[in-house]
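Here are a few exercises on reading a protein fold, each with a worked solution. Keep the model open beside you and try each task before reading on.

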Amino acid sequence: MKDILHCDLNNFYASVEIRDNPSLADKPIAVCGSIEDRAGIVLAKNYLAKSYGIKTAETIYEAKAKCPFLVIVSPHMEKYTAVSKQVREIYSRYTDLVEPFGMDECWLDITGSHYLFGSNEKMAFDIKETVKRETGLTISVGVSFTKVLAKLGSDMKKPDATTVITRDNYRDVVWTQPVSDLLYVGPATTKKLARYGVYTIGDLARMDVTGIYRILGKVGVMLHRFANGRDDSSVNAYFVMPPVKTIGNSTTAPRDLVADDDVKITLLALCESVAARLREQNSVCRTVQLGVRDTSLFWYERQERLCTPVCTAADLFQSAFRLYRDNRPPKPVRSLSVRA
(Lines give C-alpha, C1' and ligand atoms only; values in the text may rest on other atoms or scores of the structure.)
Protein backbone atom coordinates (compact mmCIF):
# COMPACT_ATOMS: atom_id res chain seq x y z
CA MET A 1 0.00 0.00 0.00
CA LYS A 2 1.31 3.44 -0.93
CA ASP A 3 1.56 6.50 1.27
CA ILE A 4 1.10 9.66 -0.79
CA LEU A 5 1.06 13.35 0.00
CA HIS A 6 -0.41 16.05 -2.18
CA CYS A 7 1.09 19.45 -1.35
CA ASP A 8 -0.64 22.59 -2.62
CA LEU A 9 0.78 26.09 -2.20
CA ASN A 10 -2.07 28.27 -0.95
CA ASN A 11 -3.09 31.09 -3.33
CA PHE A 12 0.37 30.79 -4.80
CA TYR A 13 0.80 33.89 -6.98
CA ALA A 14 -1.09 36.14 -4.57
CA SER A 15 0.78 34.75 -1.55
CA VAL A 16 4.16 35.45 -3.15
CA GLU A 17 3.11 39.04 -3.89
CA ILE A 18 1.90 39.58 -0.31
CA ARG A 19 5.06 38.02 1.10
CA ASP A 20 7.19 40.45 -0.90
CA ASN A 21 4.93 43.42 -0.16
CA PRO A 22 3.44 43.02 3.35
CA SER A 23 1.38 46.21 2.96
CA LEU A 24 -0.99 44.12 0.80
CA ALA A 25 -1.70 41.63 3.58
CA ASP A 26 -4.92 43.25 4.83
CA LYS A 27 -6.27 44.12 1.37
CA PRO A 28 -8.24 42.09 -1.18
CA ILE A 29 -5.79 41.54 -4.03
CA ALA A 30 -5.89 39.83 -7.41
CA VAL A 31 -2.94 38.97 -9.62
CA CYS A 32 -4.11 39.81 -13.13
CA GLY A 33 -2.82 39.80 -16.67
CA SER A 34 -2.03 43.07 -18.38
CA ILE A 35 -4.93 45.28 -19.39
CA GLU A 36 -2.74 46.84 -22.08
CA ASP A 37 -2.14 43.41 -23.62
CA ARG A 38 -5.88 42.57 -23.25
CA ALA A 39 -5.01 39.67 -20.98
CA GLY A 40 -6.79 41.36 -18.10
CA ILE A 41 -8.17 38.35 -16.27
CA VAL A 42 -7.75 37.16 -12.70
CA LEU A 43 -4.91 34.65 -12.44
CA ALA A 44 -4.97 34.34 -8.64
CA LYS A 45 -6.52 36.03 -5.62
CA ASN A 46 -6.12 35.99 -1.86
CA TYR A 47 -8.76 34.73 0.56
CA LEU A 48 -10.02 38.24 1.29
CA ALA A 49 -10.72 38.79 -2.41
CA LYS A 50 -12.30 35.36 -2.60
CA SER A 51 -14.73 36.37 0.15
CA TYR A 52 -16.18 38.94 -2.28
CA GLY A 53 -16.92 36.19 -4.79
CA ILE A 54 -13.99 36.93 -7.07
CA LYS A 55 -13.04 33.93 -9.19
CA THR A 56 -10.03 32.91 -11.22
CA ALA A 57 -10.35 33.57 -14.98
CA GLU A 58 -12.96 36.32 -14.72
CA THR A 59 -12.13 39.73 -16.16
CA ILE A 60 -10.76 42.62 -14.13
CA TYR A 61 -13.98 44.48 -14.94
CA GLU A 62 -16.09 41.69 -13.43
CA ALA A 63 -13.85 41.45 -10.38
CA LYS A 64 -13.95 45.22 -9.78
CA ALA A 65 -17.73 45.17 -10.01
CA LYS A 66 -17.78 42.77 -7.07
CA CYS A 67 -15.08 44.59 -5.10
CA PRO A 68 -14.43 48.19 -6.25
CA PHE A 69 -11.41 48.56 -3.93
CA LEU A 70 -9.74 45.38 -5.19
CA VAL A 71 -5.97 45.85 -5.53
CA ILE A 72 -4.70 44.69 -8.92
CA VAL A 73 -1.16 43.30 -8.98
CA SER A 74 0.80 42.44 -12.13
CA PRO A 75 2.18 38.90 -12.33
CA HIS A 76 5.91 38.13 -11.96
CA MET A 77 6.24 34.71 -13.53
CA GLU A 78 10.02 34.47 -13.16
CA LYS A 79 9.63 34.91 -9.40
CA TYR A 80 6.88 32.28 -9.17
CA THR A 81 9.02 29.84 -11.14
CA ALA A 82 11.96 30.34 -8.77
CA VAL A 83 9.80 29.86 -5.67
CA SER A 84 8.18 26.77 -7.18
CA LYS A 85 11.62 25.24 -7.74
CA GLN A 86 12.67 26.12 -4.18
CA VAL A 87 9.61 24.38 -2.73
CA ARG A 88 10.12 21.28 -4.87
CA GLU A 89 13.69 21.04 -3.62
CA ILE A 90 12.30 21.00 -0.07
CA TYR A 91 9.99 18.14 -1.01
CA SER A 92 12.89 16.22 -2.54
CA ARG A 93 14.63 16.11 0.86
CA TYR A 94 11.97 13.64 1.95
CA THR A 95 11.63 11.52 -1.20
CA ASP A 96 12.90 11.38 -4.76
CA LEU A 97 9.35 10.60 -5.93
CA VAL A 98 8.07 14.15 -6.41
CA GLU A 99 5.68 14.71 -9.30
CA PRO A 100 4.65 18.29 -10.13
CA PHE A 101 1.01 18.97 -11.02
CA GLY A 102 1.20 22.53 -12.24
CA MET A 103 3.49 25.16 -10.73
CA ASP A 104 1.98 25.12 -7.25
CA GLU A 105 1.09 21.46 -6.62
CA CYS A 106 3.07 18.23 -6.21
CA TRP A 107 2.47 14.63 -5.29
CA LEU A 108 5.02 12.95 -3.04
CA ASP A 109 5.29 9.19 -2.57
CA ILE A 110 6.66 8.82 0.97
CA THR A 111 6.14 5.05 1.26
CA GLY A 112 9.87 4.42 1.63
CA SER A 113 10.63 7.41 3.85
CA HIS A 114 9.15 6.37 7.20
CA TYR A 115 12.33 4.94 8.70
CA LEU A 116 14.03 8.30 8.24
CA PHE A 117 11.25 10.79 8.90
CA GLY A 118 8.49 9.11 10.91
CA SER A 119 4.77 8.75 10.27
CA ASN A 120 2.76 10.18 7.38
CA GLU A 121 1.29 12.85 9.62
CA LYS A 122 4.68 13.82 11.04
CA MET A 123 6.18 14.16 7.56
CA ALA A 124 3.22 16.23 6.38
CA PHE A 125 3.65 18.56 9.39
CA ASP A 126 7.43 18.79 9.00
CA ILE A 127 7.20 19.58 5.27
CA LYS A 128 4.49 22.16 5.88
CA GLU A 129 6.53 23.92 8.57
CA THR A 130 9.76 23.76 6.53
CA VAL A 131 8.07 25.42 3.54
CA LYS A 132 6.67 28.11 5.83
CA ARG A 133 10.02 28.75 7.51
CA GLU A 134 12.16 28.80 4.36
CA THR A 135 9.81 30.50 1.89
CA GLY A 136 7.28 32.41 3.99
CA LEU A 137 4.43 30.58 2.24
CA THR A 138 1.87 28.06 3.46
CA ILE A 139 0.76 24.79 1.93
CA SER A 140 -2.19 22.48 2.40
CA VAL A 141 -1.37 18.79 2.50
CA GLY A 142 -3.54 15.80 1.69
CA VAL A 143 -2.37 12.46 3.08
CA SER A 144 -3.82 9.31 1.56
CA PHE A 145 -3.22 5.97 -0.14
CA THR A 146 -3.93 7.15 -3.72
CA LYS A 147 -2.95 10.21 -5.70
CA VAL A 148 -6.56 11.20 -6.36
CA LEU A 149 -7.61 11.02 -2.71
CA ALA A 150 -4.46 12.83 -1.58
CA LYS A 151 -5.32 15.73 -3.91
CA LEU A 152 -8.90 15.72 -2.70
CA GLY A 153 -7.58 15.94 0.85
CA SER A 154 -5.39 18.97 0.15
CA ASP A 155 -8.42 20.75 -1.31
CA MET A 156 -10.66 20.06 1.69
CA LYS A 157 -8.92 22.28 4.24
CA LYS A 158 -7.15 25.55 3.40
CA PRO A 159 -4.94 27.33 4.20
CA ASP A 160 -2.02 25.81 6.12
CA ALA A 161 -3.84 22.55 6.90
CA THR A 162 -3.44 18.79 6.73
CA THR A 163 -6.21 16.32 5.89
CA VAL A 164 -5.71 12.57 6.34
CA ILE A 165 -7.82 10.16 4.28
CA THR A 166 -7.28 6.47 5.09
CA ARG A 167 -8.70 3.19 3.84
CA ASP A 168 -10.79 3.09 7.01
CA ASN A 169 -12.29 6.59 6.84
CA TYR A 170 -12.39 7.52 3.14
CA ARG A 171 -16.06 6.63 2.73
CA ASP A 172 -17.03 8.87 5.65
CA VAL A 173 -14.70 11.70 4.59
CA VAL A 174 -14.96 11.56 0.81
CA TRP A 175 -18.34 10.20 -0.19
CA THR A 176 -20.29 13.18 1.15
CA GLN A 177 -18.30 15.63 -1.01
CA PRO A 178 -19.72 17.00 -4.30
CA VAL A 179 -18.81 14.85 -7.29
CA SER A 180 -17.25 17.96 -8.87
CA ASP A 181 -14.51 17.81 -6.21
CA LEU A 182 -13.15 14.59 -7.71
CA LEU A 183 -10.11 15.01 -9.95
CA TYR A 184 -10.99 15.11 -13.68
CA VAL A 185 -14.70 15.77 -13.06
CA GLY A 186 -15.28 19.07 -14.86
CA PRO A 187 -18.42 21.20 -15.27
CA ALA A 188 -19.73 19.26 -18.29
CA THR A 189 -19.31 15.89 -16.55
CA THR A 190 -20.89 17.28 -13.38
CA LYS A 191 -23.98 18.39 -15.32
CA LYS A 192 -24.23 15.08 -17.13
CA LEU A 193 -24.00 13.08 -13.90
CA ALA A 194 -26.61 15.34 -12.27
CA ARG A 195 -29.10 14.28 -14.93
CA TYR A 196 -28.77 10.76 -13.55
CA GLY A 197 -29.06 11.78 -9.91
CA VAL A 198 -25.33 11.63 -9.19
CA TYR A 199 -24.46 14.60 -7.01
CA THR A 200 -21.85 13.31 -4.56
CA ILE A 201 -18.73 11.17 -4.83
CA GLY A 202 -20.65 8.53 -2.86
CA ASP A 203 -23.43 8.54 -5.46
CA LEU A 204 -20.81 7.86 -8.12
CA ALA A 205 -19.09 5.16 -6.06
CA ARG A 206 -22.34 3.28 -5.48
CA MET A 207 -23.32 3.26 -9.15
CA ASP A 208 -23.21 0.06 -11.14
CA VAL A 209 -20.05 0.16 -13.26
CA THR A 210 -22.04 -0.84 -16.37
CA GLY A 211 -24.33 2.15 -15.88
CA ILE A 212 -21.51 4.62 -15.51
CA TYR A 213 -19.86 3.18 -18.62
CA ARG A 214 -23.03 3.86 -20.62
CA ILE A 215 -23.04 7.47 -19.41
CA LEU A 216 -19.36 8.41 -19.64
CA GLY A 217 -17.57 5.51 -21.35
CA LYS A 218 -14.05 4.58 -20.22
CA VAL A 219 -13.65 7.85 -18.36
CA GLY A 220 -16.67 6.95 -16.24
CA VAL A 221 -15.10 3.62 -15.28
CA MET A 222 -11.91 5.43 -14.26
CA LEU A 223 -13.86 7.93 -12.13
CA HIS A 224 -15.83 5.10 -10.56
CA ARG A 225 -12.55 3.47 -9.51
CA PHE A 226 -11.28 6.76 -8.07
CA ALA A 227 -14.47 7.23 -6.05
CA ASN A 228 -14.02 3.74 -4.60
CA GLY A 229 -10.44 4.36 -3.56
CA ARG A 230 -8.85 2.41 -6.38
CA ASP A 231 -6.04 4.16 -8.24
CA ASP A 232 -2.88 2.32 -9.20
CA SER A 233 -1.08 5.29 -10.78
CA SER A 234 2.37 5.92 -9.35
CA VAL A 235 4.19 9.12 -8.48
CA ASN A 236 6.96 9.84 -10.97
CA ALA A 237 10.48 10.58 -9.84
CA TYR A 238 11.33 14.29 -9.76
CA PHE A 239 14.01 13.98 -12.43
CA VAL A 240 11.81 11.95 -14.81
CA MET A 241 10.27 13.95 -17.63
CA PRO A 242 6.97 12.45 -18.79
CA PRO A 243 6.62 12.00 -22.55
CA VAL A 244 5.30 15.05 -24.35
CA LYS A 245 1.79 14.36 -25.60
CA THR A 246 0.77 17.84 -26.70
CA ILE A 247 2.55 21.00 -27.82
CA GLY A 248 0.58 24.21 -28.01
CA ASN A 249 0.63 27.98 -27.95
CA SER A 250 -1.96 30.70 -27.42
CA THR A 251 -2.27 34.45 -27.62
CA THR A 252 -4.64 37.24 -26.69
CA ALA A 253 -4.87 39.65 -29.63
CA PRO A 254 -4.11 43.36 -29.04
CA ARG A 255 -7.45 44.15 -30.68
CA ASP A 256 -10.60 42.25 -31.61
CA LEU A 257 -10.16 40.03 -34.65
CA VAL A 258 -13.06 40.50 -37.06
CA ALA A 259 -11.69 39.82 -40.54
CA ASP A 260 -10.50 36.39 -41.63
CA ASP A 261 -7.17 37.87 -42.69
CA ASP A 262 -6.51 38.99 -39.10
CA VAL A 263 -7.32 35.51 -37.84
CA LYS A 264 -5.09 33.95 -40.50
CA ILE A 265 -2.09 36.07 -39.51
CA THR A 266 -2.53 35.21 -35.83
CA LEU A 267 -3.04 31.50 -36.50
CA LEU A 268 0.00 31.36 -38.77
CA ALA A 269 2.21 32.86 -36.08
CA LEU A 270 0.91 30.32 -33.55
CA CYS A 271 1.38 27.43 -35.98
CA GLU A 272 4.95 28.48 -36.74
CA SER A 273 5.75 28.43 -33.02
CA VAL A 274 4.11 25.04 -32.45
CA ALA A 275 5.75 23.52 -35.55
CA ALA A 276 9.20 24.71 -34.45
CA ARG A 277 8.73 23.12 -31.04
CA LEU A 278 7.51 19.90 -32.65
CA ARG A 279 10.68 19.69 -34.70
CA GLU A 280 12.83 20.48 -31.64
CA GLN A 281 11.24 17.45 -29.97
CA ASN A 282 11.76 15.33 -33.10
CA SER A 283 8.01 14.81 -33.08
CA VAL A 284 5.07 14.82 -35.44
CA CYS A 285 1.38 15.15 -34.65
CA ARG A 286 -1.76 13.41 -35.85
CA THR A 287 -4.31 15.79 -34.31
CA VAL A 288 -4.69 19.58 -34.42
CA GLN A 289 -6.82 21.39 -31.85
CA LEU A 290 -8.04 24.97 -32.16
CA GLY A 291 -9.21 27.07 -29.21
CA VAL A 292 -11.21 30.28 -29.66
CA ARG A 293 -12.35 32.87 -27.11
CA ASP A 294 -14.68 35.59 -28.35
CA THR A 295 -15.29 39.06 -26.94
CA SER A 296 -17.94 37.73 -24.55
CA LEU A 297 -15.21 35.42 -23.14
CA PHE A 298 -17.07 32.34 -24.43
CA TRP A 299 -14.44 29.66 -25.05
CA TYR A 300 -14.64 26.58 -27.23
CA GLU A 301 -12.25 24.03 -28.71
CA ARG A 302 -12.47 21.98 -31.89
CA GLN A 303 -10.05 19.38 -33.21
CA GLU A 304 -9.52 17.11 -36.18
CA ARG A 305 -7.41 14.05 -36.84
CA LEU A 306 -5.05 14.28 -39.79
CA CYS A 307 -4.59 11.64 -42.47
CA THR A 308 -0.82 11.70 -42.07
CA PRO A 309 1.50 12.93 -39.28
CA VAL A 310 2.84 16.47 -39.80
CA CYS A 311 5.32 18.90 -38.26
CA THR A 312 5.19 21.93 -40.57
CA ALA A 313 3.53 25.28 -39.93
CA ALA A 314 1.71 25.12 -43.28
CA ASP A 315 0.03 21.81 -42.46
CA LEU A 316 -0.91 22.93 -38.96
CA PHE A 317 -2.27 26.21 -40.31
CA GLN A 318 -4.43 24.54 -42.97
CA SER A 319 -6.05 22.37 -40.32
CA ALA A 320 -6.41 25.16 -37.74
CA PHE A 321 -7.96 27.64 -40.16
CA ARG A 322 -10.31 24.96 -41.52
CA LEU A 323 -11.49 24.35 -37.97
CA TYR A 324 -11.98 28.09 -37.47
CA ARG A 325 -13.83 28.53 -40.76
CA ASP A 326 -16.16 25.63 -40.00
CA ASN A 327 -16.81 26.84 -36.43
CA ARG A 328 -16.63 30.61 -36.81
CA PRO A 329 -17.95 32.39 -33.68
CA PRO A 330 -20.74 34.96 -34.07
CA LYS A 331 -18.73 37.58 -32.17
CA PRO A 332 -15.24 38.97 -32.81
CA VAL A 333 -12.31 36.89 -31.59
CA ARG A 334 -10.34 37.90 -28.49
CA SER A 335 -7.83 35.04 -28.21
CA LEU A 336 -6.73 31.92 -30.09
CA SER A 337 -4.80 28.78 -29.31
CA VAL A 338 -3.36 25.99 -31.44
CA ARG A 339 -2.35 22.62 -30.04
CA ALA A 340 -0.67 19.70 -31.77
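**Exercise 1: a four-stranded sheet**

Gln289 stands opposite Arg339 in β12. This is a predicted model, where local features need pLDDT of at least 70 and side-chain atom pairs count only at pLDDT 80 or more, while totals for chains, interfaces and linings use all residues. Residues are numbered from 1 along each chain as its sequence is written, and side-chain values use heavy atoms, with hydrogens and water left out.

Task: find the order of the strands in the open sheet of four strands, and say which helices lie on it.

Solution.
- Start with the terms: helices (H or I, at least four residues) and strands (E, at least two) are DSSP runs, numbered from the N terminus. Two strands pair if DSSP finds at least two bridges between them.
- Next, take one pair: β10 (residues 285-294) and β12 (residues 333-339) are joined in the antiparallel sense by six bridges.
- Now extend to the whole sheet, which reads β9-β12-β10-β11 with antiparallel pairing. Its edge strands, β9 (248-257) and β11 (299-310), each pair on one side only. From one strand to the next, the twist averages 15°.
- Finally, add the helices. Contact means heavy atoms within 4.5 Å, and axes are lines fitted to C-alpha atoms (for helices over the stretch in contact), with angles from 0 to 180 degrees between N-to-C directions. Helix α13 (residues 260-280) lies across β9, β10, β11 and β12, at about 160° to β9. Helix α14 (residues 313-326) packs on the sheet too, touching β10, β11 and β12, and its direction makes about 45° with that of β10.

**Exercise 2: a three-stranded sheet**

Task: which strands stand at the edges of the sheet of three strands, and why is one side of each left without a neighbour?

Solution.
- A reminder helps here: strands of a sheet pair through backbone hydrogen bonds, either parallel or antiparallel.
- Write down the order, β3-β2-β4, in an open sheet with mixed pairing.
- Read off the ends: β3 (42-45) and β4 (71-73) each have a single partner strand, so one side of each has no neighbour in the sheet. On average, neighbouring strands here are turned by 30° against each other, direction ignored.
- Look at one pairing: β2 (residues 29-32) and β4 run in the parallel sense over three bridges. Val31 has Val73 in β4 as its bridge partner.
- Place the helix: α1 (residues 12-20) lies across β2, β3 and β4, running at about 115° to β2.

**Exercise 3: aromatic rings**

Task: are the rings of Tyr13 and Tyr80 stacked or edge-to-face, and are these residues buried or exposed?

Solution.
- Set the rule: rings of Phe, Tyr and Trp (its six-membered ring) pair if their centres lie within 6.5 Å; planes under 30 degrees apart count as stacked, over 60 as edge-to-face and the rest as tilted. This gives 12 aromatic pairs.
- Apply it: the centres of Tyr13 and Tyr80 are 4.2 Å apart and the planes are at 10°, so the pair is stacked.
- Locate the partners: Tyr13 is in helix α1 and Tyr80 in helix α4 (residues 77-91), 67 residues apart.
- Check accessibility: buried means under 20% relative accessible area, exposed over 50%, partly exposed in between (1.4 Å probe, protein chains only). Tyr13 is buried at 18%, and Tyr80 is buried at 0%.
- Widen the view: ring pairs link Phe12, Tyr13 and Tyr80 into a cluster.
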